[in-house]
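Subject: Structure handover

Hello,

Here is the structure we talked about. Please open it next to this email and follow along as you read.

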Amino acid sequence: MRIVIAGGHGQIALRLERLLAARGNEVAGIIRKPEQGDDLRAAGAEPVVLDLESASVEAVAERLRGADAAVFAAGAGPGSGVGRKNTVDKGAAILFADAAVRAGVRRFLVVSSMGADPGHRGDEVFDVYLRAKGEADAYVQSLDSLDWTILRPGTLTNDPGTGLVRLEARTGRGSVPRDDVAAVLAELLDTPGTSGLTLELISGSAPVPVAVKAVAGN
């Protein structure tokens with residue numbers, strides 16, 4: 001498959017690129033800064049320099065044409081303010097989804113966040129973040145032209161992955177290594193039966209392939 005990942009230099013995205021490339025897929029990662037390109041090439045991915053905060057839908061669609069799947073893994077990051085939660089975590093996700101529709105890319109994965117909710121209340125930066133992620137998720141869920149899956153991990157850690165997870169519509173709070181998030185994303189891409197599902201993810205006791213097959217009904 002050819003897979004295009006938005007936020008290609010993110011911690012989860014770089015892990016996912018390595019996994020997908022190792023499986024023989026053709027991977028491209030969208031990045032804002034040319035100097036990030038070497039890290040993507042080292043992970044086995046083709047760097048595509050494009051700013052999703054300022055690009056047009058058509059410009060993004062051009063980068064997506066010919067892809068078999070798209071993954072939105074971009075984020076404004078922990079040091080960003082309210083404005084960029086709306087322009088990246090919400091705005092760029094909506095733009096990327098619209099571009100996928102225009103490019104004819106049906107399979108679409110979103111790396112969201114546990115607690116994402118368009119009705120979330122509060123004015124702190126994290127409240128705005130959860131609301132922005134929830135609004136973006138709701139927009140993607142409304143698009144019949146996409147075979148979407150939304151993944152909402154719990155608290156992310158840099159602990160080594162265990163390959164053992166809990167993946168359900170509702171898991172309850174918990175943490176999960178970024179390694180395991182990437183492994184679940186890679187498995188979801190190979191499991192079209194998970195289309196139309198919004199899933200929470202934390203560490204658990206099920207091997208990743210088993211957990212994904214279970215939610216797919218296999």
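Start with Ile 5: its bridge partner in strand 4 is Val 71. Keep in mind that this is a predicted model. Val 4 is also bridged to strand 4, where its partner is Ala 70. Strand 1 covers residues 2-6, and strand 4 covers residues 69-72. The two run parallel, joined by four bridges.

Strand 4 has a partner in strand 5 too. Four bridges join strands 4 and 5, and these also run parallel. Here Phe 72 stands opposite Val 110 in strand 5. As background, strands of a sheet pair through backbone hydrogen bonds, either parallel or antiparallel.

Now zoom out to the sheet. It is open and has nine strands. Their order is 3-2-1-4-5-6-10-8-11, and the pairing is mixed. Which strands stand at the edges? They are strand 3 (46-49) and strand 11 (206-207). Each has a single partner strand, so one side of each is left without a neighbour in the sheet.

Two helices to find next pack on this sheet. Helix 5 (residues 125-141) touches strand 4, strand 5 (107-111), strand 6 (147-153) and strand 10 (197-203). Its direction makes about 160° with that of strand 6. Helix 6 (residues 178-189) touches strands 1, 4, 5, 6, 8 (164-168) and 10. For helix 6, the angle with the direction of strand 6 is about 165°.

What about the faces of strand 4: covered or not? Both are covered. Ala 69 and Val 71 lie on one side, Ala 70 and Phe 72 on the other, and all four are buried.

**The cores**

The largest nonpolar core has 34 residues. Ile 5, Val 71, Leu 151 and Val 184 touch the most other members. Helix 6 gives the most to this core: eight residues. Apart from it lies another core, of 32 residues. Its members include Ala 61, Ala 70, Ala 103 and Trp 148.

Look at Val 71 again. Leaving out residues up to four places away in sequence, Val 71 touches Ile 3, Val 4, Ile 5, Ala 6, Leu 16, Phe 96, Leu 109, Val 111 and Leu 189.

**Helix 6 and two other helices**

Two packed helices are described by the angle between their axes and the distance between the axes. Try that on helix 1 (residues 11-22) and helix 6. Their axes come within 8 Å and cross at roughly 50°. That makes helix 1 oblique to helix 6. The crossing is right-handed. On the helix 1 side, the residues that meet helix 6 include Ile 12, Leu 16 and Leu 19. On the helix 6 side, they include Ala 182, Leu 185 and Leu 189.

Helix 7 (residues 208-215) also packs with helix 6. The angle is about 50°, and the axes are 10 Å apart. So helix 6 is oblique to helix 7. Helix 6 passes helix 7 in a right-handed crossing. Ala 183, Val 184, Glu 187 and Leu 188 in helix 6 meet Val 208, Pro 209, Val 212 and Lys 213 in helix 7.

**Three residues to click on**

Glu 187 sits in helix 6. Is Glu 187 buried or exposed? Its relative accessible area is 13%, and buried means under 20%. Therefore Glu 187 counts as buried. Apart from residues up to four places away in sequence, Glu 187 touches Arg 23, Val 208, Pro 209, Val 212 and Lys 213.

Leu 52 lies in the loop between strand 3 and helix 3 (57-64). Leu 52 is buried, with a relative accessible area of 11%. Its contacts, not counting residues up to four places away in sequence, are Ala 6, Ile 30, Val 60, Phe 72, Ala 92 and Leu 95. Leu 52 and Ala 92 are 40 residues apart in sequence. In space they are 5.5 Å apart, C-alpha to C-alpha.

Gln 141 lies in helix 5. At 32% relative accessibility, Gln 141 counts as partly exposed. Leaving aside neighbours within four places in sequence, Gln 141 is in contact with Trp 148, Ile 150 and Thr 198. Thr 198 is 57 residues away from Gln 141 along the chain, and their C-alpha atoms are separated by 8.8 Å.

Best wishes

Conventions:
Residues are numbered from 1 along each chain as its sequence is written. This is a predicted model: local features need pLDDT of at least 70, side-chain atom pairs count only at pLDDT 80 or more; totals for chains, interfaces and linings use all residues. Side-chain values use heavy atoms; hydrogens and water are left out. Two strands pair if DSSP finds at least two bridges between them. Contact means heavy atoms within 4.5 Å. Axes are lines fitted to C-alpha atoms, for helices over the stretch in contact, and angles run from 0 to 180 degrees between N-to-C directions. Buried means under 20% relative accessible area, exposed over 50%, partly exposed in between (1.4 Å probe, protein chains only). A nonpolar core is a set of buried Ala, Val, Leu, Ile, Met, Phe, Trp, Tyr and Cys residues joined through side-chain atoms within 4.5 Å. Angles under 35 degrees count as roughly parallel, over 145 as roughly antiparallel, 65 to 115 as roughly perpendicular and the rest as oblique. A crossing is left-handed if the near helix is turned anticlockwise from the far one by less than a right angle, and right-handed if clockwise.
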